[in-house]
Amino acid sequence: VKEMESRGRTALCCGAGEGVNLISKAESLRRKAFKVKMKEVADTGADSLVTSCDNCRYNFLTGGKKANWDKPVESLVEMVANNLAD
């Protein structure tokens with residue numbers, strides 16, 4: 001597990017927070033924020049991305065396709081749920 005440079009209270013937004021991904025006028029700003037976040041993920045050297053934020057997950061899945069970004073994106077909630085004892 002490798003955390004990104006910005007995290008916790010100082011975490012940078014991926015560009016989809018608060019439903020911004022639904023505002024067409026914000027497309028340019030959203031793409032710029034996403035590029036910053038993609039670089040931040042790449043700088044960790046990690047093979048995949050795990051996030052607890054559903055907006056981030058959606059943005060990385062959809063934005064990643066547009067940007068030819070090949071890292072798998074996983075939900076922290078699903079990872080925990082899949083590993084709970086019955």
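Asn68 is exposed, with a relative accessible area of 71%. In this predicted model, Asn68 belongs to the loop that joins helix H2 (54-66) to strand S2 (73-75). The backbone of Asn68 has a positive phi of about 55 degrees, although the residue is not a glycine. Most residues other than glycine have a negative phi. The position of Asn68 with respect to the preceding helix is also defined, since the positive phi occurs just after H2.

Helix H2 itself comprises 13 residues. From its first C-alpha to its last, H2 reaches 18 Å, close to the 18 Å expected at 1.5 Å a residue. Within H2, the buried residues are Cys56, Asn59, Phe60, Gly63 and Gly64. These buried residues of H2 pack against H1, S1 and S2.

Two of the buried residues of H2, Cys56 and Phe60, also appear in the largest nonpolar core. This core is made up of 11 residues in all, namely Met4, Cys14, Ala16, Phe34, Met38, Val41, Leu49, Cys56, Phe60, Trp69 and Val73. H1 and H2 are the elements that give two or more residues to the core. The greatest contribution is that of H1, with three residues.

Two members of the core, Cys14 and Phe34, were examined through their contacts. Cys14 is located in the segment before H1. With a relative accessible area of 1%, Cys14 is buried, because a residue counts as buried under 20%. When residues up to four places away in sequence are not counted, Cys14 touches Arg30, Ala33, Phe34, Lys37, Asn55, Cys56, Asn59 and Phe60. The C-alpha atoms of Cys14 and Lys32 are separated by 9.0 Å, and the two residues are 18 residues apart along the chain. Under the same exclusion of residues up to four places away in sequence, Phe34 touches Cys14, Asn59, Phe60, Gly63, Gly64 and Ala67. Contacts of Phe34 therefore include four of the buried residues of H2, namely Asn59, Phe60, Gly63 and Gly64, where contact means heavy atoms within 4.5 Å.

Strand S1 (49-51) was considered through Thr51, which is found in this strand. Thr51 is buried, with a relative accessible area of 12%. Not counting residues up to four places away in sequence, Thr51 touches Cys56, Arg57, Glu74, Ser75 and Leu76. Thr51 and Val77 are 26 residues apart in sequence, and their C-alpha atoms are 8.4 Å apart in space. In helix H1, by contrast, Ala42 is partly exposed, with a relative accessible area of 44%. Ala42 and Glu3 are 39 residues apart in sequence and 11 Å apart in space, C-alpha to C-alpha.

The empty space in the model was examined next. The largest pocket holds about 670 Å³ of space. Its lining consists of 29 residues, and those nearest its centre are Lys2, Met4, Leu49, Val50 and Thr51. Met4 and Leu49 are also members of the largest nonpolar core. At least two lining residues of the largest pocket are supplied by each of helix H1 (27-44), strand S1 (49-51), H2 and helix H3 (76-82). Divided by class, this lining has 16 nonpolar, eight polar and five charged residues.

The second largest pocket has a volume of about 260 Å³. It is lined by 14 residues, among which Glu27, Arg31, Asn59, Gly63 and Lys66 are the closest to its centre. Asn59 and Gly63 are also among the buried residues of H2. H1 and H2 each supply at least two residues of the lining of the second largest pocket, and the largest share, six residues, comes from H1. The lining of the second largest pocket divides into five nonpolar, four polar and five charged residues.

Technical notes. Residues numbered from 1 in each chain as written. Predicted model: local features only at pLDDT ≥ 70, side-chain atom pairs only at ≥ 80, totals over all residues. Heavy atoms only, no water. Buried < 20%, exposed > 50% of the residue type's maximum accessible area, 1.4 Å probe, protein only. 1 Å grid on protein atoms, 1.4 Å probe; cavity = no way out; pocket = protein on both sides within 12 Å on 5 of 7 lines; lining within 4 Å. Points joined across faces, edges and corners; volume = space filled by probe spheres on them. Nonpolar A, V, L, I, M, F, W, Y, C, P; charged D, E, K, R; others polar. Expected span 1.5 Å × (residues − 1). Core = buried A, V, L, I, M, F, W, Y, C linked by side-chain atoms within 4.5 Å.
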